[in-house]
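Subject: Model for you to look over

Hello,

Here is the model I promised. Please open it alongside this note; my findings follow below.

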Amino acid sequence: MQWRFWKRWRKPPMPDPDQPGWERALINHLALDYMRERRRTRRWGLVLKLLILFYLVGLVVAASVRDWDRRMELTEPHAALIEIDGVIAADSDASADRVVGALRKAFDNDKVEGVILRINSPGGSPVQAGYINDEIARLKAKYREAHDGDELPVYAVAADLCASGGYYIAVGADAIYADKASLVGSIGVRIGSFGLDRLLADLGIERRLLTAGANKGILDPFSPLPESQRVFIQGVLDTLHQQFIAEVREGRGDRLQGGEELFSGLFWSGEQALELGLIDGLASAGTVAREQLGTETVVDYTQKRDLLDSFAERLGGGMAGALGALFGGLDAGVLR
C-alpha cells in the first residue's frame with residue numbers, strides 16, 4: 001500500500017538525452033507534469049471552496065445564535081445601550097438617522113428599564129447633534145404621555161471624549177456620567193479655512209474665480225477675506241454658539257457651577273467637569289446600568305452599517321469629496 005502511494009505521487013525522472021526517442025519521452029513527461037499540476041490545483045481549489053463554505057455556514061450559525069440570544073434578552077428587563085462613536089455626521093456611524101432609529105426601538109420596547117448613550121466623539125455637525133437632542137426630548141415626552149407620567153430615564157456616559165457636538169447630545173439626557181480621565185466640554189463652534197492668496201502672489205500665480213453673487217466665493221482659500229465677510233461669518237458662528245449655550249443651560253440648569261469659561265471652547269477632565277457641573281458623577285455604562293437602572297443586563301441597540309453599506313458610502317463620499325475639492329465650497333459650522 002505504501003509503495004503504491006509513493007509511485008502515484010513521486011515525480012518521475014527526466015528522460016535521458018542519450019536514450020533513443022528521448023524527445024517523445026520529454027514531451028510525455030511535460031504533459032504528465034502539466035496534468036499532475038492541473039489535478040493538484042483543482043484539488044486545492046476544491047479544498048479552499050469547502051473551507052470558505054464552512055466559514056460562511058459558521059458565520060450564519062453564529063449570527064443566528066447571537067440573534068436568538070438577543071431576542072431572548074429583549075423579552076427580559078434590560079438597559080438599552082446606544083453607542084455614539086466617532087464624528088457626528090450624516091454619513092458616519094454616529095449619524096442622526098442611526099442614533100434616532102436606535103432610540104425609537106429602545107423606547108418602543110416595554111422591557112427597557114432605561115437608555116444609556118455611551119458617547120465617544122469629538123463632535124461634528126450641529127444639525128445632526130441637534131436632531132438627536134430634539135428626538136430624545138420628543139421620545140421622553142411621548143413616553144410620559146403614554147405611561148401616565150412615568151419616565152423612561154436616559155443617561156449619557158462619556159468614554160474617552162465627549163466634546164462639542166457629543167456634549168450637545170449628552171445635555172439632552174437626564175444625567176451625564178464620565179470617567180475621571182474623560183475629556184468633556186469644548187462648547188463652541190468653528191469654521192476652518194486657509195489664506196493662500198499671498199503665497200500665490202509671491203509665486204506670480206493669478207487666481208481666476210468667477211462667481212454669480214458677490215459673496216459666493218466666501219472663504220475661498222486662494223482669495224483674500226474681506227472684513228465684511230469675516231464679520232458676517234463671525235455672526236453666523238456666534239448665532240450657532242448661542243444656540244449651543246441655550247441647550248446646555250436648559251439641559252444642565254442649576255447644576256452648572258462655572259462661569260462664562262464653560263462656553264469658551266475649553267474642555268476638562270471628568271473630575272474637573274464634575275466640579276463644574278458639566279456631569280453628574282463618575283461611572284461607566286455598566287455601573288450606571290447596575291446602580292441607576294437596577295439591572296445587570298445591557299443590550300446593544302446601536303445601529304451599525306453592514307460591509308456593503310459601508311463600502312457604498314465610502315465610495316460615494318470619496319466621489320463627493322473629490323467634486324467638492326474640484327469646484328470648491330463652504331464647510332458648514334462644526335461643533336468641535
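**Helix H4 and its ends**

Just after H4, Asp 148 takes a positive phi of about 55°. Helices here are DSSP runs of H or I with at least four residues, strands are E runs of at least two, and both are numbered from the N terminus.

Some ground rules first. This is a predicted model: local features need pLDDT of at least 70, side-chain atom pairs count only at pLDDT 80 or more, and totals for chains, interfaces and linings use all residues. Residues are numbered from 1 along each chain as its sequence is written, and side-chain values use heavy atoms, with hydrogens and water left out.

Back to H4. The helix covers residues 126-146, which is 21 residues. From first C-alpha to last it reaches 30 Å, close to the 30 Å expected at 1.5 Å a residue. (Expected span: 1.5 Å times one less than the number of residues.) At the N-terminal end, Ser 125 acts as the cap. One of its side-chain oxygens lies 3.2 Å from the backbone nitrogen of Val 127. That is a polar contact: a pair of N or O atoms within 3.5 Å; within protein, one must be able to donate a hydrogen and the other to accept it, and residues adjacent in sequence count only if both atoms are side-chain atoms.

The buried residues of H4 include Ile 132, Ile 136, Leu 139 and Tyr 143. Polar and charged ones are also on that list, among them Gln 128, Asn 133, Glu 135 and Lys 140. Buried means under 20% relative accessible area, exposed over 50%, and partly exposed in between (1.4 Å probe, protein chains only). The buried residues of H4 pack against H3, strands S2 (112-121) and S3 (154-163), and helices H5 (165-170) and H7 (227-252). Contact means heavy atoms within 4.5 Å.

**H3 and the loop before it**

H3 has 13 residues and reaches 18 Å, close to the 18 Å expected. Its buried residues include Val 99, Val 100, Leu 103 and Phe 107. Arg 98 is buried too.

Ser 92 sits in the loop between strand S1 (78-85) and helix H3 (96-108). Its side chain reaches the backbone oxygen of Ala 89 at 3.0 Å. Setting aside neighbours within four places in sequence, Ser 92 is in contact with Val 87, Arg 98 and Arg 305. Ser 92 counts as buried because its relative accessible area is 13%.

**Two more positive phi values**

Ser 186 is not a glycine, yet its phi is about 55°. It lies in the loop between strand S5 (183-185) and helix H6 (197-202). Ser 186 is buried, at 8% relative accessible area.

Leu 219 has a phi near 65°. Its place is the loop between H6 and H7. Leu 219 is buried as well, at 16%.

**Surface and whole chain**

Phe 54 lies in helix H2 (residues 22-74). It is exposed, with a relative accessible area of 57%. Which residues join Phe 54 in a nonpolar surface patch? They are Trp 44, Leu 46, Val 47, Leu 50, Leu 51, Leu 53 and Val 57, and the patch is about 810 Å².

The protein chain has 10 helices and eight strands. Of its 336 residues, 33% count as buried. Among contacts with a separation of 6 or more, 71% join residues 24 or more positions apart.

Best wishes

Definitions and conventions:
Patch = residues over 30% accessible without salt bridge, like charges linked within 9 Å, V, L, I, M, F, W, Y side chains within 5 Å. Areas by Shrake-Rupley, 256 points an atom, 1.4 Å probe, with all protein chains shown as cover. Salt bridge = Lys/Arg side-chain N within 4 Å of Asp/Glu carboxyl O.
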